[in-house]
Each structure stands twice: as structure tokens, then as C-alpha cells.
Amino acid sequence: MEQKRHCKWKKKWCSVILSWVNSFQEDLDSFPSLSCVKDSEFLPSLIIKIYESEKREVPCFRNIDELSNTFMKDYFPECMTDFPNLESEEKNVILFSLIMYSVCIKCKIPDICNRNCNFIDSTKQIVLTRFFEKMIEIGDGRFTKQNLYEAIRSSLGALSSSRDSYSPASSSGFLKDFFNSPTVYNQKNKDNEIKRLKAALEEELNEKAELLEKNQSL
């Protein structure tokens, strides 16, 4: 029974992810499954954009599995305890969930996250909005498999809730309203400040190391 429930919510969540992915397809054929997305050029192009948005060196890769693993190590090392040993379906759920979060929240790539939101069903927009809210609440560096699954299951509760229980979205839709909200804007500023402080700390440590080396050579 537990396994059936597990499969049921994963199936629903895959449908939500596919809605997001297929919103970019426009005149192209929709992807029928996450496996098909993974086998296409779409996935590596998304991951590369994430690296480029942060001015990080794009890793060399021979195949999508290698790129996916490198992406997970670089951006979500806390997931790597479980990720390499998971079945492909479960890997896809985790990988695509974290890519969506990276594109829309962590890196907030405007030409992607604000694009074609209206092609996503309103209810699924609400689900995605709730998912992103939960991920922000969990916070970077804490996205273990368990925390990620809790965020997904919590967000899927919107599928069984009445739309009347949510404030009406503007004509631009729930997702665009969320992406342009102070919640996401403040999160991006917070992330930038953390990066700045880390860079400053690293520079200070390097300077101290150089001074120590000079003193030892005297």
C-alpha cells in the first residue's frame, strides 16, 4: 500500500514537471516522459544555462548522466548521498525538481522562468508555486532526498484543494506573479549577498596565506 501511494504522488509530480518542460516547446512536439526529456538536447541546455547564469565554468561532459552528476555535486552536494544509487525514475524526479528550482529560484534566469508560464495549467501553476515556496523555506544546502520529497508532497496538496482557497492571480498567472514577488526577489538578493561574503572570505584567507608564506621565507 505504501509503495502504491509513493508511485501515485511521483506520477502526479512527473506530470507537473512535464507541464513546465513542455511549456517551452511551443510549436514542437511535447515530451511524453521525463526520460524522453533527458535523452534530448533540452536538459543539457538547461543545465548549461544554470552554470552560465552564475558565470561558472561549464563542465566538460561525455553524456547527460555525467553532466547531471556533476551538476548535482556542484549545486546540491547534500543530495549525493542518495542520488548515485537511485533507480532512473527516482533520479529523474530529483534531478528535474532541482533543475526547476535552480532555474526559477536559485539563479532566477528571467528569459526562462518568466517564459510561457501561461501555457501551464492554473492548478499546476499553484502546485509549482507552493513547491518553490517550500524549497525557499527549506533553504539552500538542506535539500536532502527526504526534504525534497516532503516539499513535493506538500505542494501536491494543491491538486486536491479548491482554487477558491487561493487568492486570484493576475492576468499574467500564478507563477509570474510569484516570480515577480518580493519573496523571490529577496531570496535572490540574499543568495547574492552570501556569494559576495564567501568570495570576500576566500580572498581574505588567500591574502593571509600569502603573508604567512612570505614571513616563513624571511
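So, buried residues: they make up 44% of the 218 residues in this chain. Please keep in mind that what we have here is a predicted model. Turning to the surface, the chain exposes about 12,500 Å², and carbon and sulfur atoms supply 49% of that area.

Now the overall build. The chain has ten helices and zero strands, so if you walk along the sequence, the pattern you read is α-α-α-α-α-α-α-α-α-α. How do the contacts spread along the sequence? Take the contacts with a separation of 6 or more: 68% of them are between residues 24 or more positions apart.

A word on confidence before we zoom in. The mean pLDDT of the chain is 81, and 78% of the residues reach 70 or more. Which elements sit at the two ends of that scale? Among the elements of the chain, helix α4, residues 64-75, has the highest mean pLDDT, at 94, while helix α10, residues 182-217, has the lowest, at 62. As a general caution, where pLDDT is low, the predicted coordinates should not be read in detail.

Let's go inside. How many cavities of 30 Å³ or more does the structure hold? One. The largest cavity contains about 30 Å³ of space. Its lining is made of W20, S23, F24, I112, C113, R115, C117, I120, L175 and F179. Two elements, α6 (110-113) and α9 (174-179), each give two or more residues to that lining. And what is its character? The lining residues divide into eight nonpolar, one polar and one charged.

Next, a few individual residues, if you'd like to click along with me. Start with N114, in the loop between α6 and α7, where α7 covers 122-138. Leaving aside residues up to four places away in sequence, N114 touches K108, K176, F179 and N180. You have already met F179 in the cavity lining. The pair N114 and K176 is a nice one to display: they are 62 residues apart along the chain, yet their C-alpha atoms are separated by 6.0 Å.

One of those partners of N114, K108, deserves its own moment. K108 is in the loop between α5 (88-106) and α6. Its phi is near 45 degrees, a positive value in a residue other than glycine. Is K108 buried or exposed? Its relative accessibility is 17%, and K108 counts as buried because that is under 20%.

Now compare K55, which sits in the loop between α3 (42-53) and α4. K55 also has a positive phi, about 55 degrees, although it is not a glycine. Here the relative accessibility is 77%, so K55 counts as exposed, the cut-off being over 50%. To put the two lysines side by side, K108 is buried and K55 is exposed, and each has a positive phi.

Last stop, S19, in helix α1, which covers residues 2-22. What does S19 touch, not counting residues up to four places away in sequence? The partners are I120 and K124, and I120 is one of the residues lining the largest cavity. S19 has a relative accessible area of 17%, which means that S19 is buried.

That's my tour, thanks for listening, and I'm happy to go back to any residue on the screen.

Key: Residues are numbered from 1 along each chain as its sequence is written. This is a predicted model: local features need pLDDT of at least 70, side-chain atom pairs count only at pLDDT 80 or more; totals for chains, interfaces and linings use all residues. Side-chain values use heavy atoms; hydrogens and water are left out. pLDDT is the predictor's confidence in each residue, from 0 to 100. Helices (H or I, at least four residues) and strands (E, at least two) are DSSP runs, numbered from the N terminus. Buried means under 20% relative accessible area, exposed over 50%, partly exposed in between (1.4 Å probe, protein chains only). Contact means heavy atoms within 4.5 Å. Accessible areas come from the Shrake-Rupley method with a 1.4 Å probe; for residues, only the protein chains shown count as cover. On a 1 Å grid over the protein atoms alone, a cavity is a set of points where a 1.4 Å probe fits but cannot get out, and a pocket is an open set with protein on both sides within 12 Å along at least five of seven lines; lining residues have an atom within 4 Å of a point. Grid points are joined across faces, edges and corners, and a volume is the space filled by probe spheres set on the points. Ala, Val, Leu, Ile, Met, Phe, Trp, Tyr, Cys and Pro count as nonpolar, Asp, Glu, Lys and Arg as charged, and the others, Gly among them, as polar.
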